[in-house]
Amino acid sequence: MSRLEAKKPSLCKSEPLTSETVRTTLSVLKRIVTSCYGPSGRLKQLHNGFGGYVCTTSQSSALLSHLLVTHPILKILTTSVQNHVSSFSDCGLFTAILCCNLIENVQRLGLTPTTVIRLNKHLLSLCISYLKSETCGCRIPVDFSSTQILLCLVRSILTSKPACMLTRKETEHVSALILRAFLLTIPENAEGHIILGKSLIVPLKDQRVIDSTVLPGILIEMSEVQLMRLLPIKKSTALKVALFCTTLSGDISDTGEGTVVVSYGVSLENAVLDQLLNLGRQLVSDHVDLVLCQKVIHPSLKQFLNMHRVIAVDRIGVTLMEPLTKMTGTQPIGSLGSISPNSYGSVKDVCTAKFGSKHFFHLIPNEATICSLLLCNRNDTAWDELKLTCQTALHILQLTLKEPWALLGGGCTETHLAAYIRHKTHNDPKSILKDDECTQTELQLIAEAFCSALESVVGSLEHDGGEILTDMKYGHLWSVQADSPCVANWPDLLSHCGCGLYNSQEELSWSFLRSTRHPFVPQICLPLEAVGSASNLTLDCLTAKLSGLQVAVETANLILDLSYVIEDKN
Amino acid sequence: MNSPRESGKGLGLPLLVQLLEILVFLTAFADNRAAHPTWQSCGAFPPSGQKGSPLAQPRSRVTGFRVFSPPIPFPAVPPLFSVGPGVLQAGQKGEAAQMLSSMAATGSLKAALQVAEVLEAIVSCCMGPEGRQVLCTKPTGEVLLSRNGGRLLEALHLQHPIARMIVDCVSSHLKKTGDGAKTFIIFLCHLLRGLHAVTDREKDPLMCENIQTHGRHWKNCCQWKFISQALVTFQTQILDGIMDQYLSRHFLSIFSSAKERTLCRSSLELLLEAYFCGRVGKNNHKFISQLMCDYFFKCMTCKTGIDVFELVDDYFVELNVGVTGLPVSDSRIIAGLVLQKDFSVYCPADGDIRMVIVTETIQPLFSTSGSEFILNSEAQFQTSQFWIMEKTKAIMKHLRSQNVKLLLSSVKQPDLVIYYAGVNGISVVECLSSEEVSLIRRIIGLSPFVPPQAFSQCEISNTALVKFCKPLILRSKRYVHLGLIGTCTFIPHCVVLCGPVQGLIEQHEDALHGAFKMLRQLFKDLDLNYMTQTSDQNGTSSLFIYKNSGESYQAPDTGKGSIQRPYQDTVVENKDELEKTQTYLKVHSNLVISDVELETYIPYSTPTDTFETDETLKCLSLERNMLTDDYEPLLKNNSTAYSTRGNNRIDISYENLQVTNITGKGSMLPVSCKLQNMGDSQSYLSSSMPAGCVLPVGGNFEILLHYYLLNYAKKCHQSEETMVSMIIANALLGIPRVLYKSKTGKYSFPHIYIRAVHALQTNQPLVSSQTGLESVTGKYQLLTSVLQCLTKILTIDLVITVKRHPQKVHNQDSEDEL
């Protein structure tokens, strides 16, 4: 009889947010994430104390996946940020900081959770409808006919990840590569439904970043010896490809649940090998030039194919199968018997290539929607960070393709939004409250908490003791160096706002972000010519930011709503 | 069960020590409760570090079993508090025995009350529209957000036996109705409080008089049993009557037309909104209830039958997809069925798509289980492999020729099958769970395809038409999206639930599932259910009902509106008795009654009398004698006042007799009651609670029932009936009190209550401050479940913990045999 153990009783805590430990841990988490935020964010080194892998990063995805949080409330926060990042790649830190700020600010007010949650929700929907509206003053349309805005978008992502350790020149190079890789995945003659291809990132460590490159098609890594053995093909037309997903090693496949009795002297191996050679003969007679196999090819078959001037490459692995299928247009073959002629695909050409110390077998497609991004960086940790960043950028570009808008970055969207909400709640509180039971005072309090939470997110962009200002016309963000001499001449001290759209030579008035200000109407409707002329903008992805905003407010609401925590101690 | 006296002797010191522990626990507990707002409890009880908490794991002791506290009233044994366990000597056995008796005296009521109060504290914070969330962690480290009372109670892993019993009662109630766990606890707590208050008031002077006698224990047990019987009587006899006679006129119907059972969207919205108010977070409940409403109307055809609710309820897990990382507002409803798998092969196809389901590999294998395949030569092996290949190819080609473009498989298919499927343009989905397969089969009524043994060109009958079949990408994860054409009344749709964390999605999923359970109950043919219920449960119900109807007959005299609610109550204890009555009636033939009419009742009668011991028969005969004694005046009465009435009926209930025996109050009262009954029990019309009965939310049901119960109690003659009704009536108010806890001024509970009572007294319609509806059936079921639970608690007089699992008898036997 199995031993049954009675379950231990759970631990039940009431009003978890009022406990001191929760507050401390929340503020620790907040300090970790705020210090990482932005282009001048500080890096975090994560290691486990027993040596081994060390991760240096300032990205939320890497940071949070390595952080082990135990408190259930923190777990809610981190998992919701991680879930957001895994679907949108970007704006993870923004989400985490905003959520922490909201919880902190609202707790200070001491209003009932019901009121807070209701009003937070109203403010969120106000933000979202504004950001989605035509009159929104902080978003710009993305023009796919020129690379300018797309490059700005990619560059903004790269510069916001300082752990990639890129110089300005390298940043330019990598952003151009990413954009090229993305453009290569868009099919040329697309009607109606577009299916994007894929950019495969090929690691090439210990090389200069400048050596990174993009190639159409697929690179299969091979040892030099193997590569030498492959015979050069001289053929003017496209090459015929057969792609096997089943093993060609001569294993006897599943024989069923019963027993198979083999008489003495009967060699099944020979029988199977015969079969394989028959297959080889069929391939040769079908004029196949290239045989690719996901699993292992029997050496005899390989040799047979080589003898007939057919290139055989095995052990491709499951990850490359899908891009290969897509690129060559084959049907992965699962049969050792007759092969339908429709199953064959083709490539334009094959060649060998050497990058750094690595040798590759390069399949060049007829029509490219699959490309390989060879990514170089000096060391492992920097390469990991760069790879994550590239994936983020590629994903962001895809999201932008779906929703061709970008938000002004550099904190300008947040300050602008805060100004808008302040203005709205002051001048038109009735439209927000509608038929709710909340009072206007409660709305003012919550709106202030919400706006200051947004503003302190951008406040954490500044790590070097500088000051952050906002102008009273556009509601954009301006930052001043820490050691600036006096307050007298703002236009000279400030050159451009955070996103780079406006310069200080206009007639503007500024005020400190942290000081109390009178609500003003931020100028809505962006002048398009201004956007056209500005070449170096900082931009954020609209989709990711919107979702981040929603997730942050929803998660904060969720955490504020908790009245008990029941911890299962089993 | 051992009598406590015996066990007290047998246990001696260990028992005493343990009882002391219990005392320690109780004091600690009382302290904790005093500082209520901030206390942290361990599984709702004192921190595990607390010395000897009876709720914690039993520590290893010499005794084979251990007595749990049917708790000790504090004032009864004050000196024990100052004595530490170490000081206690073996000589104090006598004291232990005394304690035992006093301990048993209060029964399990106090323990249950304390348990229930702790649970109430947790549960009431998530109750109602103002309720908040509770975060539960699983042992695996996952977090779950919940406002579902049942989940919370389970997550606590309670150890106190009474607590566990309560949780069991709640979960069995939930399994049936899907709603009301929190109300259950609150109501139960208030009932226990009421009972406790009553018994304290009544028994305290008594207790001082003879505290030493062991006999008291049994007396008290009798008293508890007595109360619990009164509760049963109330639940089975009185409640139905009140529901039907008084409450039913306040009922609204969810259906816009009762006959066709058409449901209008706005009323369903009101119902669901009220439901989700208590189940999901404040910021999402509107959205989720809209989603549910949409889902409901998209899935249901006009001929919505109960089977659709059953289908959705049974397969809810398969009918929804959770997507983390997206805001909740991205949740939506998708037409068709979404399988949480990816295609093994996907071949885009449109037009006439047919599909088949297979449950085994299509490729023939060398040998099936139990058989042997003998290979004699290499050529044989090659030919068989070739044959297998050709066979597979032929089957796939055949499928293709039948226009089959989708193959659903519950097992993994070999590469060969996948390849030929791809070649033939057949999409394949593998490794479907058995639930998914059975759901698809239920929707489209398709049986699995079996590859033909002997290949023929015949048509495959087991195919079904599919509108579309395509991949669906939700947050970069791929799913299979099927446009099934349902053959039943269910139009397949799926809910995609989004949320920032899995815990929230699970909460919404839970709530949606519960809502379907609730609707399933609401849509049930309740009139039928109700009737059978009354005839099953009301084995002894005639007593009350007749009396009740007697009251209603008096009402017209005083000018009240006529509420001659007819009763379909047909319980006759046994046919013998009826015959006796019959003959009896024949003797007194001055009634306007014919034998034929009486005969017609015989088919209705359900002879449920299973405990016909000699004693009962004796009682019956006794009762009959008395009846004959008193029958004369009644008949006179009848012939004069109610001469136009139809039938007369006599019911003699076993239980009532027993009650009167126990109380020893003589049979005067019941008999007099019966006399009245007989006079008034003439009309039997069928009555029922139709399906879809709803009331406005905000404690309306509770206040109404409270009001009518009080009225009833006033007219009631039997003291215990009055007491039970009063206790229940007052306990009912506890629920709206929690609901309006945070409201002030005009919307505070006293205001609401006074307004409601005033409206009832002046016969004005009730005005509810909140919009939203709730199911009456659910409330009714909740009430009966709580009363049943309470009866269960009251009938326990001692809890014994044993080290081992109580083994089943036959298990032991089999072990002995071995």
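Reading the interfaces of a predicted two-chain model

Analyst: The area buried between chain B and chain A is about 6200 Å², with carbon and sulfur atoms giving 55% of that figure. On the chain B side, the residues that lose the most area to chain A are Arg132(B), Asn283(B) and Tyr419(B), together 12% of what that side buries. The model is predicted, and side-chain atom pairs count only at pLDDT 80 or more.

User: How many residues of each chain are in contact across this interface?

Analyst: A residue is counted here when its heavy atoms come within 4.5 Å of the other part. By that criterion, 71 residues of chain B are in contact with 79 residues of chain A.

User: How should I read the charged and polar pairs, and how many salt bridges are there between chain B and chain A?

Analyst: A salt bridge is assigned from distance, with a side-chain nitrogen of Lys or Arg within 4 Å of a carboxyl oxygen of Asp or Glu. The count between chain B and chain A is three. One of the pairs is Lys282(B) with Asp561(A), at 3.0 Å from N to O. Polar contacts are counted by residue pair, and 35 such pairs are found across the interface, both residues being at pLDDT 80 or more. The chain B side that touches chain A consists of 34 nonpolar, 27 polar and ten charged residues.

User: Which strands of the two chains pair with each other, and in what sense?

Analyst: Strand S9 of chain A, residues 259-262, pairs with strand S12 of chain B, residues 372-375. The sense is parallel, and the pairing extends over four bridges. To locate the register, one may start from Thr259(A), which stands opposite Glu372(B) in S12(B).

User: Turning to chain A by itself, which residue ranges make up the domains?

Analyst: A domain may be assembled from separate stretches of sequence, as the ranges here show: domain 1 comprises 11-138 and 408-567, domain 2 comprises 145-206 and 375-403, and domain 3 comprises 218-367. The centres of domain 1 and domain 2 of chain A, taken over C-alpha atoms, are separated by 26 Å. Their contact takes 30 residues from domain 1 and 24 residues from domain 2.

User: What area is buried between domain 1 and domain 2 of chain A, and how many salt bridges are counted there?

Analyst: An interface inside a chain can be described in the terms applied to the two chains. About 2100 Å² is buried between domain 1 and domain 2 of chain A, with 54% from carbon and sulfur atoms. One salt bridge is counted between these domains. The side chains of Lys161(A) and Asp90(A) meet in a salt bridge at 3.7 Å, N to O. Eight residue pairs are in polar contact across this domain interface, both residues at pLDDT 80 or more. Among the elements that give two or more residues to the domain 1 side are helix H3 (72-88), strand S20 (539-541) and helix H18 (542-560) of chain A. That side divides into 14 nonpolar, 14 polar and two charged residues.

User: Where does Ser35(A) lie, and which residues does Ser35(A) touch?

Analyst: Ser35(A) belongs to helix H1 of chain A, residues 20-36. A polar atom of its side chain lies 2.9 Å from the backbone oxygen of Ile32(A). Leaving aside residues up to four places away in sequence, Ser35(A) touches Gly41(A), Arg42(A), Lys44(A) and His463(A).

User: Which parts of chain A does the salt bridge of Lys30(A) and Glu104(A) link?

Analyst: Over all chains, the count is 37 salt bridges. The side chains of Lys30(A) and Glu104(A) meet in a salt bridge at 3.1 Å, N to O. This pair links distant parts of the chain, with Lys30(A) in helix H1 and Glu104(A) in helix H4 (residues 92-109), 74 residues apart.

Key: Residues numbered from 1 in each chain as written. Chains lettered and ligands numbered in written order. Predicted model: local features only at pLDDT ≥ 70, side-chain atom pairs only at ≥ 80, totals over all residues. Heavy atoms only, no water. Buried area = accessible area lost by both parts, 1.4 Å probe. Polar contact = N/O pair within 3.5 Å; in protein donor to acceptor, adjacent residues only side chain to side chain. Nonpolar A, V, L, I, M, F, W, Y, C, P; charged D, E, K, R; others polar. Pairing = 2+ DSSP bridges. Domains from an automatic or database assignment.
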